[in-house]
Amino acid sequence: MKAKYKRIVLKLSGEALRDSGSGDSLCPAILNKLAVELKGVHAAGVQICLVVGGGNIFRGLSGAKSGVDRTTGDYMGMLATVINSLALMNALEKEGVAVRVQTAIPMERIAEPFILRRAVRHLEKGRIVIFAAGTGNPYFSTDTAAALRASEVNADCILKATKVDGIYDKDPKAFPDAVKYKTVSYLEAIEKRLAVMDSTAFSMCMDNRIPIIVFNMNGDGNILRAVAGEEIGTLVS
């Protein structure tokens, strides 16, 4: 396989790691499947960065609705992303892939602090880099963190892994007549409030000309197909 994109940021939701059957926050089978697939992408010579959410453990906005201060809740959510990042690191290392976790909030005993040049050096040495703890600031989503890190490391694209096969004009689960977009511009995504990423993330990608591929992560080999430039999901550019 010849990769179209040489350096990518893969954005995963925390919910993607949850076992919907048992309700466990972290599913070993899902982690293993993801690690095996990423190993194949890595073997194709692609430099991989990962950004994972924390919604399977704690979501700041949800916490605010139940009485948790929004800033405190966002920091709790950032810590949840660190737990998910360490779980992903463990799964990848079991597959023999070299990984480094870098956090936006310093916690040197369990991960490196985010240092751009060190992150790029890891990528050049063939290591997968997982960016944890969002941007390190409350009121910013992990989507924005993915856009920020992609801009900083000069990534060729962002792969946004979801549970649906692209962007629709409305919720395809609730509306059978929902229409899927094959391509959509950044401005359209912002103006139509397409909820797959927040407007701050879309704006940052637009300013830095970073394409976003929104695709279904549950299909076997879909990450590899997206990296190869196959028509999969929806392209935002």
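Biologist: Which residues are linked in a network of salt bridges?

Modeller: Please keep in mind that this is a predicted model. Side chains of opposite charge can pair when their charged atoms come close. The structure holds 14 salt bridges, and a network of them links Lys-11, Asp-143 and Lys-160.

Biologist: How many residues apart are Arg-70 and Asp-74 in helix H3?

Modeller: These two form a salt bridge, with their closest N and O atoms 3.0 Å apart. Both belong to helix H3, where about one turn separates them. In residues, that spacing is four.

Biologist: Does Asp-74 count as buried or exposed?

Modeller: The cut-off for buried is under 20% relative accessible area. Its partner Arg-70 has 24%, which makes Arg-70 partly exposed. Asp-74 has 11%, so Asp-74 counts as buried.

Biologist: Why does the pair of Glu-112 and Arg-100 tie together parts of the structure, and how many residues apart in sequence are they?

Modeller: Glu-112 and Arg-100 form a salt bridge whose closest N and O atoms are 4.0 Å apart. Because Glu-112 sits in strand S4 and Arg-100 in strand S3, the pair ties together parts whose separation in sequence is 12 residues.

Biologist: What is the relative accessible area of Arg-18?

Modeller: Let's begin with its partner. The side chains of Arg-18 and Glu-15 meet in a salt bridge, at 3.0 Å from N to O. Glu-15 is partly exposed, at 24%. Arg-18 is partly exposed too, with a relative accessible area of 25%.

Biologist: Which strands stand at the edges, each with a single partner strand?

Modeller: Picture an open sheet of nine strands with mixed pairing, in the order S4-S3-S5-S2-S1-S6-S10-S11-S9. A strand at an edge has a single partner, so one side is left without a neighbour in the sheet. Reading off the two ends, we find S4 (112-113) and S9 (183-184).

Biologist: What is the bridge partner of Cys-49 in S5?

Modeller: Strand S2 (residues 47-52) and strand S5 (residues 128-132) run parallel and are joined by three bridges. For Cys-49, the partner in S5 is Val-129.

Biologist: Is the β-α-β crossover from S1 through H1 to S2 right-handed or left-handed?

Modeller: S1 and S2 run parallel and are joined by six bridges, with Ile-8 partnered by Ile-48 in S2. To get from S1 to S2, the chain passes through H1, and this crossover is right-handed.

Biologist: How many of the six residues of S2 are buried?

Modeller: Just before S2, the loop that follows helix H1 (28-43) holds Ala-44, which is partly exposed at 28%. S2 itself is largely enclosed by the rest of the structure. That description rests on its count of buried residues, which is five.

Biologist: At about what angle does helix H5 run to S1?

Modeller: Two helices are worth tracing here. H3 lies across strand S1 (7-12), S2, strand S3 (99-103) and S5, at about 165° to S5. Helix H5 (residues 142-152) lies across S1, S2, S5 and strand S6 (157-162). Its angle to S1 is about 175°.

Biologist: Which residues have the most contacts inside the largest nonpolar core?

Modeller: In soluble globular proteins, nonpolar side chains tend to be buried together. In this model, the largest nonpolar core has 42 residues, and those with the most contacts inside it are Leu-50 and Leu-159.

Biologist: Which helix gives the largest share of this core?

Modeller: The core just described has 42 residues. Its largest share is seven residues, and these come from helix H3 (residues 70-94).

Biologist: How many residues does the other core have?

Modeller: Leu-159, in the largest core, touches residues including Ile-8, Phe-215 and Val-227. Another core lies apart from that one, with Leu-123, Ala-145, Ala-155 and Ile-210 among its members. Its residue count is 31.

Notes:
Residues are numbered from 1 along each chain as its sequence is written. This is a predicted model: local features need pLDDT of at least 70, side-chain atom pairs count only at pLDDT 80 or more; totals for chains, interfaces and linings use all residues. Side-chain values use heavy atoms; hydrogens and water are left out. A nonpolar core is a set of buried Ala, Val, Leu, Ile, Met, Phe, Trp, Tyr and Cys residues joined through side-chain atoms within 4.5 Å. Buried means under 20% relative accessible area, exposed over 50%, partly exposed in between (1.4 Å probe, protein chains only). Contact means heavy atoms within 4.5 Å. Two strands pair if DSSP finds at least two bridges between them. Axes are lines fitted to C-alpha atoms, for helices over the stretch in contact, and angles run from 0 to 180 degrees between N-to-C directions. A crossover is right-handed if, with the strands pointing away from the viewer, the path from the first strand over the helix to the second runs clockwise. Lists of a residue's contacts leave out its neighbours within four places in sequence.
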